[in-house]
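Student: I'd like to learn how to read pockets, sheets and odd backbone angles in a model like this one. Can we go through it together?
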Amino acid sequence: MAEERRRRKREEEEEEEAEEWERRKRGRRKRRKRRRRRGGEEDPVDVLGEEVMGRVMELLDARSVARCTAVSRAWRGVAADDRLWAPKCAELMAGKAHIPRLTMIPTASKLSTYSMAIADGKRTRITKEDLCDHDWEFRFTIAAPEYWRNLDPSWKHTGPPMRRYFHPDGYHSADPHDAVWGGHECTYTIITSFAGNGCIRDHYVRINRWPPMKVSRKEDWSWELSNHLYRYNSIPDTDKKGCTGPLFPVW
């Protein structure tokens, strides 16, 4: 029964694709006739066909292909095709430290996925999901007291950087036997203030009453929290199941 249902579903999808193809052909014929009556130039999509135009657009960068979607309905049908945008999405995600969770929306087109990923990669407003989804490397800066730096194995080159973890309940923790941590009770707070025009005026993360850490984003979409004494860097986790960050856009 299950195999029969799958077969019927495939047949229905094939019929729908065939009908859509016929509608496009009829539309192209009508547009060609109208242009001939007006004596105008023919659309390259009508002359070359959608398959050839798709091959041409494969050679263009993502920005140029996105602009092609605004030319006409026929051009959008080619330029917005998932088969064209799937490799561009893969190219965009390659080498990134974190892949946004919103790119996993199953109903979104590849063009929408690409656009949302670009917008999220430029986002500098950090959320609780971003903090909790990642493990963080902790390092002291040169401005920190020497006693603190001597407790940091990455400063003495005796081991990897220390790690810190943010939890959904607001708790902040470290690995067991961390010499710097010392079993302190720690909580974190994300502070965001807005100016009168709706723009972000101030945005930082604070742990207990320690100096606030400003938030910044790197080209590989990783996060950095820093002040004059120490800094946190998110650890790359592109293979993490379900990806990271908020499910819905945050600007």
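Tutor: Sure, and let's begin with the second largest pocket. Its lining residues divide into 12 nonpolar, 1 polar and 1 charged. Keep in mind that this is a predicted model.

Student: How much space lies in the second largest pocket, and which residues are closest to its centre?

Tutor: The general idea is simple: rolling a probe the size of a water molecule over the atoms shows where empty space is left. Here, the second largest pocket holds about 280 Å³ of space. It is lined by 14 residues, and those closest to the centre are Phe138, Phe140, Trp148, Val180 and Trp210. The elements that contribute two or more residues to this lining are β1 and β8.

Student: What about the largest pocket: how much space lies in it?

Tutor: About 610 Å³. Arg24, Glu50, Gly77, Asp81 and Arg83 are the closest to its centre, out of 14 lining residues. Two or more residues each come from α1 (2-38), α3 (50-58), α5 (73-79) and α6 (82-93). The largest share belongs to α3, with 5 residues. By class, the lining of this largest pocket splits into 3 nonpolar, 2 polar and 9 charged residues.

Student: Which feature does UniProt place at residues 50-86?

Tutor: The unreviewed UniProt entry has "domain: F-box" there. In the model, that stretch is 76% helix and 0% strand, and its end C-alpha atoms lie 17 Å apart.

Student: Now for closed spaces. How many cavities of 30 Å³ or more are there?

Tutor: A cavity differs from a pocket in that the probe fits but cannot get out. By this rule there is 1 cavity of 30 Å³ or more. The largest cavity has a volume of about 40 Å³. Its lining is made up of His98, Ile99, Pro100, Asp120, Arg123, Asp130, His134, Arg217, Trp223 and Thr244. Sorted by class, that gives 3 nonpolar, 3 polar and 4 charged residues.

Student: On to the sheet. In what order do the strands come?

Tutor: When you read a sheet, follow the order of neighbours across it, and then look for the edges. Here 8 strands make an open sheet, ordered β3-β2-β1-β8-β7-β6-β5-β4, with antiparallel pairing. The edge strands are β3 (172-174) and β4 (188-194); each has a single partner strand, so one side of each is left without a neighbour in the sheet. Ignoring direction, neighbouring strands of this sheet are turned by 30 degrees against each other on average.

Student: Can we zoom in on one pair? How many bridges join β1 to β8?

Tutor: There are 5 bridges between β1 (residues 135-140) and β8 (residues 230-234), and the two strands run antiparallel. For a specific contact, take Trp136, whose bridge partner in β8 is Ser234. You've met both strands before, as β1 and β8 also give two or more residues to the lining of the second largest pocket.

Student: Last topic, backbone angles. Where is Trp221, and what is its phi?

Tutor: The thing to look for is a positive phi in a residue that isn't a glycine. Trp221 has one, at about 70 degrees, and it sits in the loop between β6 (213-217) and β7 (223-226). Cys243 is another case, with phi near 65 degrees, in the segment after β8.

Student: Are those two residues buried or exposed?

Tutor: Go by relative accessible area, where buried means under 20%. Trp221 has 6%, so it counts as buried. Cys243 has 9%, so it is buried as well.

Key:
Residues are numbered from 1 along each chain as its sequence is written. This is a predicted model: local features need pLDDT of at least 70, side-chain atom pairs count only at pLDDT 80 or more; totals for chains, interfaces and linings use all residues. Side-chain values use heavy atoms; hydrogens and water are left out. On a 1 Å grid over the protein atoms alone, a cavity is a set of points where a 1.4 Å probe fits but cannot get out, and a pocket is an open set with protein on both sides within 12 Å along at least five of seven lines; lining residues have an atom within 4 Å of a point. Grid points are joined across faces, edges and corners, and a volume is the space filled by probe spheres set on the points. Ala, Val, Leu, Ile, Met, Phe, Trp, Tyr, Cys and Pro count as nonpolar, Asp, Glu, Lys and Arg as charged, and the others, Gly among them, as polar. Two strands pair if DSSP finds at least two bridges between them. Helices (H or I, at least four residues) and strands (E, at least two) are DSSP runs, numbered from the N terminus. Axes are lines fitted to C-alpha atoms, for helices over the stretch in contact, and angles run from 0 to 180 degrees between N-to-C directions. UniProt positions are given in the numbering used here, feature names are shortened, and annotations may be inferred rather than shown by experiment. Buried means under 20% relative accessible area, exposed over 50%, partly exposed in between (1.4 Å probe, protein chains only).
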